[in-house]
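Hi,

Here is the structure I promised to pass on to you. Have a look at it first, and then read on for what turned up in it.

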Amino acid sequence: MKKISIAIIAVLAVLILSAIVTVLISINSSENNINQGLDIYYLDMENRTLKSEKYNIVGKTEEEIIQSAFNTMKTKPKNEKYVSTVPENINILSTKIENGTLELNLSKEYLQMTKSDEMFCRGALIKTMTGISFIKQVE
């Protein structure tokens with residue numbers, strides 16, 4: 001009888017340990033949200049239209065994902081016919097997300113862009129940011 005009790009206790013201990021390990025793994029993997037395959041928009045200089053390239057965006061928080069996508073938009077595109085629409089000197093000062101709406105507060109350099117550059121930049125920002133799963137629109 002004691003052997004059966006010990007066997008039952010051992011099985012229960014293994015089941016409990018398995019459950020704990022599963023929970024810890026799921027918590028650990030959710031710490032790095034990955035928004036894989038995000039379309040980052042650039043200006044196609046040949047056609048003067050916005051075109052996208054896929055990038056993996058990684059961040060632990062929504063703000064980190066937004067910042068990572070924004071920083072990627074400022075990099076040189078893979079396609080040599082494309083150019084970044086976001087100048088290096090423009091930065092995000094703050095973000096706020098409410099009901100799927102992203103409010104972006106950009107540095108004053110954004111206001112110093114020409115109207116056409118600003119139009120392409122705004123369009124690329126909206127198209128890129130709304131590609132992030134938790135963002136539906138941008139203000």
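V86 touches F70, M73, K74 and C121, leaving out residues up to four places away in sequence. Do keep in mind that this is a predicted model. V86 belongs to the loop between β3 (82-83) and β4, and with a relative accessibility of 2% it counts as buried. There is also E118 to look at: V86 and E118 are 32 residues apart in sequence, while their C-alpha atoms are 8.8 Å apart in space.

One of the residues that V86 touches, K74, deserves a stop of its own. K74 sits in the loop between α2 and β3. Is this lysine buried or exposed? K74 is buried, at a relative accessible area of 11%. From C-alpha to C-alpha, K74 and V86 are 5.3 Å apart, with a separation of twelve residues in sequence. Again not counting residues up to four places away, K74 touches S84, V86, P87, E88, I90 and N91.

I90 comes up once more with Q112: the two are 22 residues apart along the chain, and their C-alpha atoms are separated by 10.0 Å. Q112 lies in the loop between β5 and α3 and, at 59% relative accessibility, counts as exposed.

Now for the helices. F70 and M73, which both touch V86, are also among the residues through which α2 meets α3. Helix α2 covers residues 62-73 and helix α3 residues 115-129; they pack with their axes 11 Å apart and at an angle of about 135 degrees. The two helices are therefore oblique to each other, and their crossing is right-handed. On the α2 side the contact is made by I66, A69, F70 and M73, and on the α3 side by A124, L125, T128 and M129.

If you step back to the whole protein chain, you will count three helices and six strands. In sequence order they follow the pattern α-β-β-α-β-β-β-α-β. The chain has 139 residues, of which 32% count as buried. Among contacts with a separation of 6 or more, 52% are between residues 24 or more positions apart.

How many aromatic pairs does a search of the whole structure find? The search gives one. The pair is formed by Y42 and Y55, whose ring centres are 6.5 Å apart; their planes are at 65 degrees, so the arrangement is edge-to-face. Y42 is in strand β1 (residues 33-44) and Y55 in strand β2 (residues 49-59), so the pair ties together parts that are 13 residues apart in sequence. Y42 is buried, at a relative accessible area of 0%. Y55 also counts as buried, at 16% relative accessibility. Y55 has a further partner in K78, which lies over the face of the Y55 ring, at 4.4 Å from the ring centre.

Two backbone details may interest you as well. As a reminder, most residues other than glycine have a negative phi. R48 is not a glycine, yet its phi is positive, at about 55 degrees. You will find R48 in the loop between β1 and β2, where it is partly exposed, with a relative accessible area of 41%. N99, again not a glycine, has a positive phi of about 50 degrees. N99 is in the loop between β4 (92-98) and β5 and counts as exposed, at 76% relative accessibility.

Just along from there is strand β5 (residues 101-106), which holds E103. E103 counts as partly exposed, at 40% relative accessibility. Which residues is E103 in contact with, leaving aside its neighbours within four places in sequence? They are S94, T95, K96 and E139. The C-alpha atoms of E103 and V138 are separated by 5.9 Å, and the two residues are 35 apart along the chain.

If you open the model, you could begin at V86 and its contacts with F70, M73, K74 and C121, then go on to the Y42 and Y55 rings.

Best wishes

Conventions:
Residues numbered from 1 in each chain as written. Predicted model: local features only at pLDDT ≥ 70, side-chain atom pairs only at ≥ 80, totals over all residues. Heavy atoms only, no water. Phe/Tyr/Trp six-rings, centres within 6.5 Å; stacked < 30°, edge-to-face > 60°. Helix = DSSP H or I, 4+ residues; strand = E, 2+ residues; numbered from the N terminus. Buried < 20%, exposed > 50% of the residue type's maximum accessible area, 1.4 Å probe, protein only. Lys NZ or Arg CZ within 6 Å of the ring centre and 35° of its normal. Axes fitted to C-alpha atoms, helices over the stretch in contact; angles between N-to-C directions. Parallel < 35°, antiparallel > 145°, perpendicular 65-115°, else oblique. Left-handed = near helix turned anticlockwise from the far one by under 90°. Contact = heavy atoms within 4.5 Å.
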